[in-house]
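Colleague: I should like to go through this structure with you. Could we take it one topic at a time?

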Amino acid sequence: MSLLAMNDVSLSFGGVKAVQDVSFSVEKGEVFSIIGPNGAGKSTLFNLISRLYDCESGQIFWQGEEITSVPSHRIAELGIARTFQNTELFEHETVLRNLLIGKHIHRRSNAVADMFFLPSVRRQELVFRKEVEDVIDLLNLQHYRDQVIANLPYGVRKMVEVARALCIQPKAVLLDEPSSGLNPEETEDVSFWIEDINEELGATVIMVEHDMKLVSQVSDRVLALADGQVLATGTPPEIQQHPEVLRAYLGDAE
Amino acid sequence: MRFVQKTSYDQDIRFFEHRGQVFWYGLLALAVLIAPLFIERFYLGELSLVFIYAIAGIGLMLLVGYTGLVSLGHAAFLAIGAYSQAWLMNQGVPFPLTLPLSGFITAAVGALVGIPALRMTGIYLAVATLAFAIIVEQVIIHWPAVTGGFTGMVVPRARIELINLDLQQPIAFYYLCLAILVGCLLIAMNLLRSPTGRAFRAIRDSEISAQSLGIHLSSTKTLAFALSAGFTGVAGSLFAHKLGYLAPDSFTIQTSILLLLMVVVGGVGSLHGIIYGALFIGFLPQMLAVARDLLPVGIAQMPGLEPALFGLILILVLIYEPLGIYGRWLKIRSYFEQFPLYRRATHKRQKSYLRTERLR
Amino acid sequence: MEVLQLLVSGVSQGCVYGLIALGFVLIYKATEMVNFAQGEIMMLGAFVAFTFANLLGWPFWMAVIMTLLVMAAFGALTERLILRPMIGEPPFSVLMLTIGMGYVLRAGAGAIWGNEPRTLTTPYSGGIVDLGGVIIGYENIVIIVGTAVLCLVLFLFFRYSRVGIAMQATSQNQLAAYYMGIPVKRIYSLVWALSAGIAATAGILVAPVALVDPLMGFIGIKAFAAAIVGGFGSLPGAILGGIIIGVVEQFAALYLPPGFSETSAYVILLVMLLVRPEGLFATMLQKKV
């Protein structure tokens with residue numbers, strides 16, 4: 001049984017078919033990359049998985065259970081965390097508080113207990129804080145802990161967003177273009193922490209990425225997408241040699 | 001500048017960051033507690049009113065400043081709190097019960113209004129709450145059996161029979177308002193340092209992110225709306241006793257705007273701001289009276305001077321000090337802390353192009 | 001007959017709501033700012049027209065043209081001096097700012113023209129048409145015809161003129177419009193001028209049948225409801241929403257107990273938000289990630 005599977009999923013915006021009969025499956029523990037030219041429907045796939053969009057047809061399965069019509073806010077509870085292409089952080093809050101919000105699904109207190117900050121709430125806060133500090137250590141964000149997001153450089157924001165996703169303690173992390181907007185040095189780091197997430201935390205990584213060097217460095221399997229359709233799936237070398245992919249994707253670039 | 005060395009995570013949870021804060025807030029508490037010994041009756045009454053405004057302000061601030069939802073109709077919740085207080089007391093419910101009850105009633109109405117209104121955001125919600133407030137105003141006018149209609153209704157005196165305590169004595173009322181304000185502040189501060197408050201802030205800054213982190217948007221927004229209405233309702237019931245007589249014209253759109261003015265002038269997004277804002281609107285009439293004496297007769301006698309100044313203050317604050325009095329205070333403080341190294345640019349606002357919320 | 005009579009007066013009142021709503025929508029579409037002082041700008045337009053036509057005794061057509069020019073200049077100036085510094089600030093701040101502007105304008109009008117109600121007399125004041133028992137005042141006809149003409153002019157303006165197309169482009173994507181060489185800031189000023197001009201037209205049209213006083217701008221709130229009923233962001237929707245509210249109000253006043261007429265606009269609004277939150281003509285869309 002695959003961790004995540006999409007089965008003939010389609011979605012169109014107006015007349016444009018953003019995603020057309022896409023099927024693929026991701027196994028537990030993989031690093032799975034989705035590549036494709038701009039407008040191929042990569043981010044749309046993510047938005048479908050995190051249920052921001054509804055599928056027009058087809059099904060999505062998570063650990064064998066259908067999640068095609070699970071409401072969006074339940075996705076995190078299932079263990080799926082994500083980042084966004086242009087970062088969607090809580091701009092007016094500190095890094096620490098952003099990460100604590102990532103612990104939301106683990107809360108056991110209700111609003112009434114919160115109002116009086118009962119001892120159980122305090123204990124819960126301390127546990128959350130400890131776990132958040134572990135993530136901060138993993139991604140080396142100690143320096144920025146108390147800074148407000150709006151004052152941070154773009155590269156750091158991207159890291160904070162990854163950290164926030166990790167606070168969910170997810171089974172799978174969806175990374176939407178982790179290296180976009182980063183300098184070569186930072187991109188180098190990306191491959192290291194993707195391996196950390198995959199190996200140390202045991203999370204499955206699904207990412208949309210343009211940087212082929214990064215993709216071939218870290219991915220176990222790659223899915224190539226063009227015009228909303230699957231071109232090929234395979235190991236990075238296979239995909240790089242695949243004639244269809246070369247024509248649709250790399251051919252465009254050269 | 002003070003650097004605090006942190007040795008435990010608990011330090012980030014506590015209300016006070018360091019000893020200095022404990023000292024200054026303690027001093028403030030002491031001053032407020034012994035104030036009735038020194039202050040004239042009249043100003044004591046005004047201070048009680050300030051406390052009442054502040055309680056309503058906490059409610060509005062939770063909504064506007066922390067959840068990012070705008071309500072142009074909070075006077076309606078003030079009215080519902082006030083009228084349910086008066087009605088419950090007329091039914092013979094003892095005072096200590098009516099206060100929380102009318103808070104609950106208002107919160108329930110808030111939740112009820114919130115459920116449909118919260119499917120939308122921004123301007124839709126603002127106008128929906130405005131519509132709600134206008135409807136409530138008309139209901140009050142056209143439902144004399146409960147509200148006394150146009151003529152209004154007398155609010156029974158707040159007493160605790162058991163110990164024969166008349167809470168409407170100026171000093172007793174002052175302490176009553178103070179105690180409830182402190183209670184409300186503590187609840188608000190607790191909420192803000194716990195998961196519930198964080199969910200509010202998350203929704204304010206990015207709904208999509210909040211959703212993808214497992215926050216249920218509409219139930220969290222409804223909760224924020226209900227809590228906000230509840231605080232305002234409690235303020236309303238105290239307001240009823242402060243007025244002594246309820247009539248529909250005490251709860252108009254102007255009142256809603258006055259409450260928003262308090263939030264804006266004090267400083268959006270801080271509980272400190274609420275206190276500053278409440279002091280500001282509480283003593284606005286006195287300040288205007290003083291201003292009238294100083295201004296040339298032609299301007300001072302002009303009809304509609306008060307609303308004009310009201311609007312002018314709003315405009316000037318929003319353009320020149322969007323963070324309100326609290327924001328200004330932070331700047332002054334950092335000026336002195338960093339003297340003589342303060343640079344104006346430290347607090348310079350970043351100008352950005354419009355960040356649109358619309359999908360193209 | 002009674003029904004027709006009510007319908008006509010409802011439509012003419014609704015046209016006024018619709019015109020004010022049009023101003024809201026124009027500004028919102030182009031700048032994503034919400035101008036809560038739109039009703040007050042209409043009030044100001046009515047007073048300016050009253051000053052030119054009745055106090056100074058100018059010929060009516062000249063007074064109308066001058067009013068439109070003065071108010072358009074006023075709109076552009078407001079944008080330049082008060083709204084320009086707010087670009088990039090949260091929508092809540094802009095909303096509060098325009099509410100503050102409303103206060104200042106009301107008080108200012110009271111200081112200049114006094115608080116007692118006036119009436120604008122026009123060359124067509126007082127005339128009536130009898131259409132088989134349905135009696136329609138010239139003023140109402142002028143309101144309806146005037147609104148229709150204005151809508152046609154606006155349609156042609158947005159469809160064919162360079163400035164109109166630039167405004168549309170700006171409202172669709174500010175940054176892209178900027179890159180295409182459209183002076184976005186100047187477009188902002190123009191949008192404000194245009195919307196103030198439309199509000200002034202509404203003021204001139206309604207002034208002969210309504211009392212001109214500083215508080216008349218409060219009907220802006222009903223216009224707001226109209227804009228939302230129509231689907232905030234749709235120009236024909238704004239007019240249609242206004243007409244719906246105007247008509248329902250007239251019928252509620254006659255057939256329902258007191259209190260319903262005053263609130264009917266808001267009840268329609270709340271029902272609309274419950275049933276079809278995107279309005280009659282949906283244009284609002286979700287944010288993209």
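**Aromatic rings and membrane spans**

Modeller: Let us begin with one residue: B:F16 is partly exposed, with a relative accessible area of 37%. Please keep in mind that this is a predicted model.

Colleague: And B:Y25, how accessible is that one?

Modeller: B:Y25 has a relative accessibility of 34%, so this residue counts as partly exposed, since the class lies between 20% and 50%.

Colleague: Let us widen the view. How many aromatic pairs are there over all chains?

Modeller: A search of the whole structure gives 23 aromatic pairs. One of them joins A:F13 and A:Y53, whose ring centres are 5.3 Å apart.

Colleague: Why is that pair called edge-to-face?

Modeller: The planes of the A:F13 and A:Y53 rings stand at 75°, and an angle over 60 degrees counts as edge-to-face, so the pair falls in that class.

Colleague: Where do the two residues sit in chain A?

Modeller: A:F13 belongs to strand 1 (residues 4-13), while A:Y53 lies in the loop between helix 1 (42-49) and strand 4 (57-62). The pair links distant parts of the chain, as the two residues are 40 residues apart.

Colleague: Is A:Y53 buried or exposed?

Modeller: A:Y53 is buried, because its relative accessible area of 18% is under 20%. A:F13, at 39%, is partly exposed.

Colleague: What about the rings of B:F16 and B:Y25?

Modeller: Their centres are 5.5 Å apart and their planes are at 40°, so that pair is tilted.

Colleague: Which residues of chain B form a cluster through ring pairs?

Modeller: The cluster consists of B:Y53, B:Y83, B:F239 and B:F251, linked by ring pairs.

Colleague: Moving on to charges, what sits over the ring of B:F15?

Modeller: The charged end of B:R193 does, 4.0 Å from the ring centre. In chain C, the charged end of C:R106 sits over the ring of C:Y103, 4.9 Å from the centre of that ring.

Colleague: Now the membrane. Which parts of chain C does UniProt list as "transmembrane region"?

Modeller: The unreviewed UniProt entry lists several spans, including residues 6-28 and 64-82 of chain C. In the model, residues 6-28 are 100% helix, with end C-alpha atoms 32 Å apart. Residues 64-82 are also 100% helix, and their end C-alpha atoms lie 26 Å apart.

Colleague: And how much helix is there in residues 51-83 of chain B?

Modeller: That span is 79% helix and 0% strand, with its end C-alpha atoms 19 Å apart. The unreviewed UniProt entry includes residues 51-83 of chain B under "transmembrane region".

Technical notes: Residues are numbered from 1 along each chain as its sequence is written. Chains are lettered from A and ligands numbered from 1 in the order in which they are written. This is a predicted model: local features need pLDDT of at least 70, side-chain atom pairs count only at pLDDT 80 or more; totals for chains, interfaces and linings use all residues. Side-chain values use heavy atoms; hydrogens and water are left out. UniProt positions are given in the numbering used here, feature names are shortened, and annotations may be inferred rather than shown by experiment. Helices (H or I, at least four residues) and strands (E, at least two) are DSSP runs, numbered from the N terminus. Rings of Phe, Tyr and Trp (its six-membered ring) pair if their centres lie within 6.5 Å; planes under 30 degrees apart count as stacked, over 60 as edge-to-face and the rest as tilted. Buried means under 20% relative accessible area, exposed over 50%, partly exposed in between (1.4 Å probe, protein chains only). A charge sits over a ring if NZ of Lys or CZ of Arg is within 6 Å of the ring centre and within 35 degrees of the ring normal.
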